[in-house]
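Me: Got a minute to look at a model with me? I'd like to go through a few spots in it.

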Amino acid sequence: MKKTFIALLFCACANIAVGQVPQSKISPWPVLKKEMQPWTRWWWMGNAVDEKGLAEALTTYHDAGIGGVEITPIYGAKGFEQRYIDFLSPKWMSMLNFTVTKAASLNMGVDMNTGTGWPFGGPQVTPEFAASKFIVQQYQLQKGQSLKEPIILKDPAQLKNGAVLQAVTAYGKNGAVLSLFNKIDQNGQLKWKAPSADWEIYALFSGKTLQAVKRAAPGGAGFTLDHLDQTAVNVYLNRFDEAFKGKSPGVRAFFNDSYEVYGANWTLNFLKAFKELQGYDLSQHLKDFTSKDSTSINLARLKSDYRETMSIMLLDNFTKKWTNWAHHYQSITKNQSHGSPGNLIDLYAAVDIPETETFGSSYFPIPGLRRDSADVRNVDPDPIMNKFSSSAAHVTGKTLVSSETFTWLSEHFKTSFSQAKPEAEALFLSGINHIFYHGTTYTPPDVPFPGWLFYASTNMVPANSLWPHLKGMNAYFSRCQSILQAGQADNELLIYWPVYDQWNNAKGMDMPMKVHDVDVWLHPTEFYKQSLVLQQAGYAFDFASDRILENSSAKDGLVRTTATAAPYQTLIIPELKLMPLKTLKAILALAQSGSTVIFQKLPEDVPGLSDLDNKRREFKKLLAELDFKPVGTGIQQTKIGSGTILLSADLPKALAYHKLKGEQLVESGLKFIRRKVADGKYYYLVNHTAEVIDTIIPINQVSPSVLILDPQSGDYGLAACTVRENTTMVKVHLESGESLILKTSNVPLKEKSWVYLNQPAKEITLAKGWKLDFTSGGPELPVSQTLSKLGSWTASGDAKALAFSGTATYTSTFVLPAKLSKEYVLKLGKVYESAQVWINGKDAGILWSIPYETRIGQYLVPGKNTIKIEVANLMANRIRDLDQRKINWRNYNEINFVNINYKPFDAAGWEPMPSGLVGPVTITGFK
């Protein structure tokens, strides 16, 4: 049956192949905009910039295909102090204004960190407005005694920086709790005598973390900001208002790095905010709240209320405040919410561009992809973590989702574009569509190789020997992002994130949710496990917070999170224990109005202590009213209003009962993400398996035509496809490491046909006759060579070649028969690390990643042909040579320059990295 169907498929698609319909003269690729190109974080070391250098740098970045820069001032290089410029000074503002103007002339964008280094802070943050923490001191009183010592904070550093006493609470042996704050005089003396029994006294102070800005630039040093206090945020932003003088600086977006405000678990107004939000007095619970060995059954609930309060204060007093401030200057905000002690989805959703980050490298089973354990950090980026930011954008109808990309992807100078490609593709598959390289350091033109470099970066700098081929990778990423920014995300499931299960923990205080500890707060959860199950079953989804669900509505059976967001077909509630009463009511209201909701398991209780008995009573009453009936093995159902609620431990089984199927194309091993546009849908497909995928895949669309778009080459053509039972079957071929885009259409398309490669002729191997010429790089150009066979130039015995990083060209000739095949494929075999190919003097493209192959039929002629291949290797060998000769090329303030394990960097002991064209180089014709 399978062979018969495939035969019918090709028979049905033969009409497409002969081109009976006129071909469109308009490219199916979206018109390229600067937001579709990769951008880069641009470190201004010491702010030692000038107009000439800025203009040259921006032009260089533009020519390489970079769409914009994100300015982050940091510490400077030693010996250049006379060039430093204070952050936000008139001279600094002049440099910013020049940058914005020059970038605009190149059609580039400029973003700006609202600070230097990280996190937000600086000289305007006096101790009064600095990041805060609570401090508790305990005292013991026996019956009839008075406290002789004053209740004054014992830490002199805290006293110096203005710590404030906020509460004094006494606990009696009989369970009595008394507030004694109003019995403290101006000298801290407690005017109270212990009655009836022994008492414990807890004094709570609002103190300071004393954290300073990390990696601060000149003019940016100072305490870290108290993000929970609106007055402090106003004071912080006022410095920018003064520098801007009421005029917009012209930046597209203001940026905030990941929340790394360590130990900041309090603010001066916390007690007041807590009482307003939770309805009870936290100061009455100081003993349990601060005790490490409390056995109170309600401690986890108390901590949950505390964490919820902190989340709301961070959202309202900082994130929304900062975003509204940016809008006043006709700019937007771009924020990394991860690491925050709050609800990540709400925090991401409150800004204009949510931004995630990748830190470390992932394992991909792509043959030949290098991943030396000595050169990678023990951190694996998690695509599910990245979906928190993209979900926040999708549920609020925002187009752009960004990422700090390639942070510590590998050891310095050893990162290839081949390693970068699947890491970026994993981001794309998670819904990210606006990547920022981490990153590019500004270097004055008079600073010698390797220029100024940042310690945690994959160095996307012009001094990088791979830079001549960066435009190849940038073109690929730009084409991908042009598709992934089109229309709307097309995800059928909305999955509730039960954050209260995380907050309901008696251990610890604030709960920052970092990308580096997802194995603690994310991986053990059923939410995470079921997300993976659903993803593997071919479903596409976003995550929703309680706040998102409370503001959602139902229409035509769909869940609508906002008027501008794409609707969802089904709401999924993974197994959880605690759910707020408001959230349960919102979910039931969605079902009442026609939505379908699937519970993996019904929640058990409400979180927190606030009005617990009344909330718990109503909560259980609502659940008891759900009259579930069995409708299949392991599935129960109840009708509510015009909607349906299903209950099943097996979510894919419940979805199948609901007749909502995932994309079965995942059974081929392909990964995908969809976008919905006015005239159809885009499928971005990636092969991260170790095998070639040459098959016919089903897609959940009825499409009379399917267009294949190759983001690597920019080529496109109509696919071989047919419709069968509400599914379109499409023939695809992807080598390991390759990607394709499918464009479905509501109407037949008028385009050329995609050329599938079959019936290969005999392979031609170009083994001999290669001439090798070193063209640019250093420290010195090795002599030219005529090669008897291809191999790493580091194995040639030439000491200059061993130390060389740069580009070299390989030239050869080959002969083709008088009658050419329909198409030819050039395969370069092993390449260290990227290559640009010319055939008969014509540019055949940049091959910068595995599988290092391309179609070249259009460039070939019968008879003799000439091939030239320019290969660029890594910076590693040249850096190794510098360190072996003990040339000091790194001399920075602050952290200076470290290796991937944060130890002093030294490449002298490295083995040389293989370099050049190793092959085998082959050409295969296809009939």
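Me: Let's start with Gly538. What phi does Gly538 take, just after α15?
Reply: This is a predicted model. In it, Gly538 has a positive phi of about 90°, just after α15.

Me: And helix α15 itself, which residues are buried there?
Reply: Helix α15 covers residues 526-536, and Phe527, Tyr528, Gln530, Ser531 and Leu534 are buried.

Me: What covers the buried residues of α15?
Reply: The cover includes α10 (383-395) and α19 (651-657), along with β16 (493-496) and β17 (541-544).

Me: Switching topic: how many residues are in the largest nonpolar core?
Reply: That core has 212 residues, and Phe413 is among those with the most contacts inside it, as are Trp42, Trp92 and Tyr684. Helix α8 (residues 299-328) gives the most to this core, with eleven residues.

Me: What is Phe413 in contact with, leaving aside neighbours within four places in sequence?
Reply: Among its contacts are Leu453, Asn459, Met875, Ile879, Trp889, Phe905 and Trp910.

Me: OK, now α17 and α18. At what angle do their axes cross?
Reply: Roughly 25°, with the axes of α17 (residues 581-592) and α18 (residues 612-624) coming within 10 Å. Angles under 35 degrees count as roughly parallel, so α17 is roughly parallel to α18.

Me: Is that crossing left-handed or right-handed?
Reply: The crossing of α17 and α18 is left-handed.

Me: Which residues make the contact?
Reply: From α17, Leu581, Leu584, Lys585 and Leu588; from α18, Lys615, Glu618, Phe619, Leu622 and Leu623. By class, the contact of α17 with α18 has six nonpolar, three charged and no polar residues.

Methods: Residues are numbered from 1 along each chain as its sequence is written. This is a predicted model: local features need pLDDT of at least 70, side-chain atom pairs count only at pLDDT 80 or more; totals for chains, interfaces and linings use all residues. Side-chain values use heavy atoms; hydrogens and water are left out. A nonpolar core is a set of buried Ala, Val, Leu, Ile, Met, Phe, Trp, Tyr and Cys residues joined through side-chain atoms within 4.5 Å. Buried means under 20% relative accessible area, exposed over 50%, partly exposed in between (1.4 Å probe, protein chains only). Helices (H or I, at least four residues) and strands (E, at least two) are DSSP runs, numbered from the N terminus. Contact means heavy atoms within 4.5 Å. Axes are lines fitted to C-alpha atoms, for helices over the stretch in contact, and angles run from 0 to 180 degrees between N-to-C directions. Angles under 35 degrees count as roughly parallel, over 145 as roughly antiparallel, 65 to 115 as roughly perpendicular and the rest as oblique. A crossing is left-handed if the near helix is turned anticlockwise from the far one by less than a right angle, and right-handed if clockwise. Ala, Val, Leu, Ile, Met, Phe, Trp, Tyr, Cys and Pro count as nonpolar, Asp, Glu, Lys and Arg as charged, and the others, Gly among them, as polar.
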